[in-house]
Amino acid sequence: MKTKIILKSIFVFFLTLILIGLIYIIFSKTPGNIQVSNLKIVDYVIRDDSNVCPSALELIYTDDEYNYYLPCIKSANITLVWEDGVIDSLKNALEHEKVTITSLEKHGLEIIKNEKN
């Protein structure tokens, strides 16, 4: 009788341990091995400190289909102020894929999109 209770306790212990391990595996990883617990979406505000804007298109980004331009030369005066207080230049944020062109447009940056020939 005592042996049955001990065996049941051991079985329940290992079953619980296996279930906890499976739950950890399921919830700790997403496709691409990104840990969900470290994933945080941080918003930003675009700050444009350009007083004078020489009129010429300024290329800020390119992909396979399009070139993306500012309507004048001012990228050196545009910064992104992140929700956590970090300030980043527009070019650095694009170069390091911290933002997308679509996101910048949604945040109010005027961008001219020209199809590549």
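The side chains of Glu58 and Ser75 are joined by a polar contact of 2.4 Å. This contact belongs to a predicted model. A further link starts from Glu58: its side chain reaches the backbone nitrogen of Lys74 at 2.8 Å. Glu58 lies in strand S2, which spans residues 58-62. Its relative accessibility is 12%. Buried means under 20%, so Glu58 counts as buried. With neighbours within four places in sequence set aside, the contacts of Glu58 are Tyr68, Tyr69, Leu70, Cys72, Ile73, Lys74, Ser75 and Lys91.

Cys72, one of these contacts of Glu58, also takes part in a disulfide. The count of disulfides comes to one. Its partners are Cys53 and Cys72, with sulfur atoms 1.3 Å apart. The pair links distant parts of the chain. Cys53 sits in the loop between S1 and S2. Cys72 sits in the loop between strand S3 (66-70) and S4. The two cysteines are 19 residues apart. The torsion about the S-S bond of Cys53 and Cys72 is about 90°, so this disulfide is right-handed. Exposure was computed for both partners. Cys72 has a relative accessible area of 9% and is buried. Cys53, at 28%, is partly exposed.

The sheet comes next. Three strands make up an open sheet, in the order S1-S4-S5, with antiparallel pairing. Strand S1 (44-48) and strand S5 (87-89) stand at the edges. Each has a single partner strand, so one side of each is left without a neighbour in the sheet. From one strand to the next, the twist averages 30°. Strand S4 covers residues 78-82 and is joined to S5 by three bridges. These two strands run antiparallel. Across from Leu80 stands Asp88 in S5.

Another strand, S6, covers residues 112-115 and contains Ile112. The relative accessible area of Ile112 is 26%. Partly exposed residues fall between 20% and 50%, so Ile112 is partly exposed. Apart from neighbours within four places in sequence, Ile112 is in contact with Leu57, Asn67, Tyr68, Tyr69 and Pro71. Tyr68 and Tyr69 are also among the contacts of Glu58. Ile112 and Tyr66 are 46 residues apart along the chain. Their C-alpha atoms are separated by 9.9 Å.

Key: Residues numbered from 1 in each chain as written. Predicted model: local features only at pLDDT ≥ 70, side-chain atom pairs only at ≥ 80, totals over all residues. Heavy atoms only, no water. Helix = DSSP H or I, 4+ residues; strand = E, 2+ residues; numbered from the N terminus. Buried < 20%, exposed > 50% of the residue type's maximum accessible area, 1.4 Å probe, protein only. Polar contact = N/O pair within 3.5 Å; in protein donor to acceptor, adjacent residues only side chain to side chain. Contact = heavy atoms within 4.5 Å. Pairing = 2+ DSSP bridges. Axes fitted to C-alpha atoms, helices over the stretch in contact; angles between N-to-C directions. Disulfide = S-S within 2.5 Å.
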